[in-house]
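Student: I am new to this structure and would love a close look at one part of it. Could you walk me slowly through that part and then out to its surroundings?

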Amino acid sequence: MSPAKVAVITRTKNRPLLLRRCIESVLNQTFQDWFHVIVNDGGDPATVEGVVSAYATRYRDRVRIIHNETSVGMQNASNQAIRATESEYIGIHDDDDTWHGMFLEECVGYLDAAGRDSRDQGVAAQSFWIMEEMDSTGNIIEISRQDYMPFESVNLFQAAAKNPFPPIAFLYRRQVHEKIGYFDQAFNELGDHDFNLRFLTHYDIGTIRKRLAGYHWRHHASGSSYGNTVTDGVASHRKMSVRMQNHYLRQDMANNRMGVGFLMNIASTMETQAEWLQGLHRKSDNAANAMSGVIRKMRYYERILDTLITPWKGQTLPRRIYDHVSDLFAKPPDALPDPAQKKSRASAAQLEASLKKANVISLDVFDTALLRLVRKPTDVFLYMQYDVRRLLNRPGLGFVETRTAAEEESRQEMRRVRGTSETTLDDIYAVLRKRLGCDEKTANQIKQWELAAERQLCFAHPHIARIVAEAGKDGRKIIFCSDMYLPLREINAL
């Protein structure tokens, strides 16, 4: 028969119950232009042949079995099957995972629409994380399911920290192998992570927000053929992860560059620190509030992440990192070098002397009477981004950009309707609610978090506070002005 549109690759070994479920998953696809290659990697040939033969009528000659007398490893098995087929697209469907019936139709449709020359040479769908076990009679029993690491986009930096999606959720164009090679058995069970990293150094991966794949874990099958590589080999995973980090970092050092190895080591270190802080936060009720603040501030590192996901621009990467770190750990005013300290004090003294002569003092509220513990106003949104993502269950949401865009849209609407760009927080959140697709209660919760963030991050300018206090004693009039969108009661409280 002529080459199929999709080559479906399955790796199996002595797991007939799972293989049957896998075959049903493939056969039940609404998109039918596929060819299934099953690699029996060291298992009993008769068992695999017996399972597959029961589906001969439904397969209609769209299946091939490759028997390996001894196991060649997961990644080599994938490469065997890929080289044994001709197709435009490739999907890895391990025998213990499942597809929704629309998986191929949705993914093929996405890549067809993107085009052969698109930057998107692959697409990943959302997946369910399914816990299951085998009962005494060999039946598969589902224990629970939940969303598996939901994402809105796939970027290189996040992938450097951890694999962003399971193999079952991914479909890609065969032509990428010409550029990035094949799966590498040297990394065994983490070969798909390694492949995704190499993929992302050259191409982008599109996303589908629908849950179209099932990633199955069996915790109570350890040591048997029905265990899976994640739950059965935690120590091996950790060892292999370190091997990958060292491998790519050595490549970077040998080539005098900052590449994937650098990203992996930085990202994994930050991920470990964040997990440690979260774990400590959960265990300590007495330190809950303090740790919550630390975790929120850790989210400022997301600014670094956003910069590092596009690192392939010569020497700009080290410069950007330096700038970010300098901003994060800049010395406070009291620790400025002597010349700057003297200039700062002189300016403050001059301001105080001028204001003491005035009977009426008019002060802007923000950035004059009040300062914030952030570099710029929009960092207030970054401060609350983590909580918003958790509330909406959207880990990849760029809340800073979404909230900023909502404010600009609200101002444009005010110009059109009222002839002025002045807007209110309620007006902004009416727009934001539509952009986020959430209900009024949820939008109001986020608005309250923004007000709380302003209260937590704002503090009185010390020199202005002293001037105001002295002016009040002298009976002079003080006027506070603001064009801020916050409600008057909030500004008064601040």
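Where is the place of Phe366?

Tutor: Happy to help. This is a predicted model, in which local features need pLDDT of at least 70 and side-chain atom pairs count only at pLDDT 80 or more, while totals for chains, interfaces and linings use all residues. Residues are numbered from 1 along each chain as its sequence is written, and side-chain values use heavy atoms, with hydrogens and water left out.

Phe366 sits in the loop between strand S10 (360-364) and strand S11 (370-372). Helices (DSSP H or I, at least four residues) and strands (E, at least two) are runs numbered from the N terminus. With a relative accessible area of 7%, Phe366 is buried. Here, buried means under 20% relative accessible area, exposed means over 50%, and partly exposed is in between, with a 1.4 Å probe and protein chains only.

Now look across from this loop to Cys481. The C-alpha atoms of Phe366 and Cys481 are 9.0 Å apart, although 115 residues separate them along the chain. Val365 also has a C-alpha atom 6.0 Å from that of Cys481, and those two are 116 residues apart in the chain. Cys481 itself belongs to strand S13 (residues 477-481) and is partly exposed, because its relative accessible area is 37%. Another cysteine, Cys458, is buried at 14%. What is the number of disulfides in the structure? The count is 0, where a disulfide is a pair of cysteine sulfur atoms within 2.5 Å.

Next comes charge. Asp364, Asp367, Glu422 and Asp483 form a negative surface patch. Patches are made of residues with over 30% relative accessible area and no salt bridge, like charges being joined within 9 Å and nonpolar side chains (Val, Leu, Ile, Met, Phe, Trp, Tyr) within 5 Å. Lys and Arg count as positive and Asp and Glu as negative, while His and the chain ends are not counted. For its place, a charge is put at NZ of Lys, CZ of Arg, CG of Asp or CD of Glu. One member of the patch, Glu422, comes from the loop between helix H17 (399-418) and helix H18 (425-436). Glu422 counts as partly exposed because its relative accessibility is 37%.

From helix H18 we can step to the salt bridges. Side chains of opposite charge can pair when their charged atoms come close. A salt bridge here is a side-chain nitrogen of Lys or Arg within 4 Å of a carboxyl oxygen of Asp or Glu, and the count by this rule comes to 28. In one of them, Lys447 pairs with Asp426, their closest N and O atoms being 2.6 Å apart. Lys447 lies in helix H19 (residues 440-457) and Asp426 in helix H18, so this pair ties together parts that are 21 residues apart in sequence. Lys447 is buried at 14% relative accessibility, whereas Asp426 is partly exposed at 48%.

Helix H19 takes part in another bridge: the side chains of Arg455 and Glu490 meet at 2.9 Å, N to O. Arg455 is in helix H19 and Glu490 in helix H21 (residues 488-493), so the pair connects parts that are 35 residues apart in sequence. Arg455 is partly exposed at 42% relative accessibility, and Glu490 is buried at 12%.

To finish, here is a look at another region. A salt bridge of 2.6 Å, N to O, joins the side chains of Arg15 and Asp95. This pair links distant parts of the chain, 80 residues apart: Arg15 is in the loop between strand S1 (4-12) and helix H1 (16-27), and Asp95 is in the loop between strand S4 (87-92) and strand S5 (98-99). Both residues, Arg15 and Asp95, are buried. They also belong to a network of salt bridges that links Arg15, Arg21, Asp95, Asp96, Glu132 and Arg218.

The loop between S1 and H1 also holds Asn14, a residue other than glycine with a positive phi, near 55 degrees. Asn14 is partly exposed, with a relative accessible area of 33%. In strand S4 you will find Ile90, which counts as buried at 0% relative accessibility. Ile90 and Val6 are 84 residues apart in sequence, and their C-alpha atoms are 5.5 Å apart in space.

Definitions and conventions. Accessible areas come from the Shrake-Rupley method with a 1.4 Å probe; for residues, only the protein chains shown count as cover.
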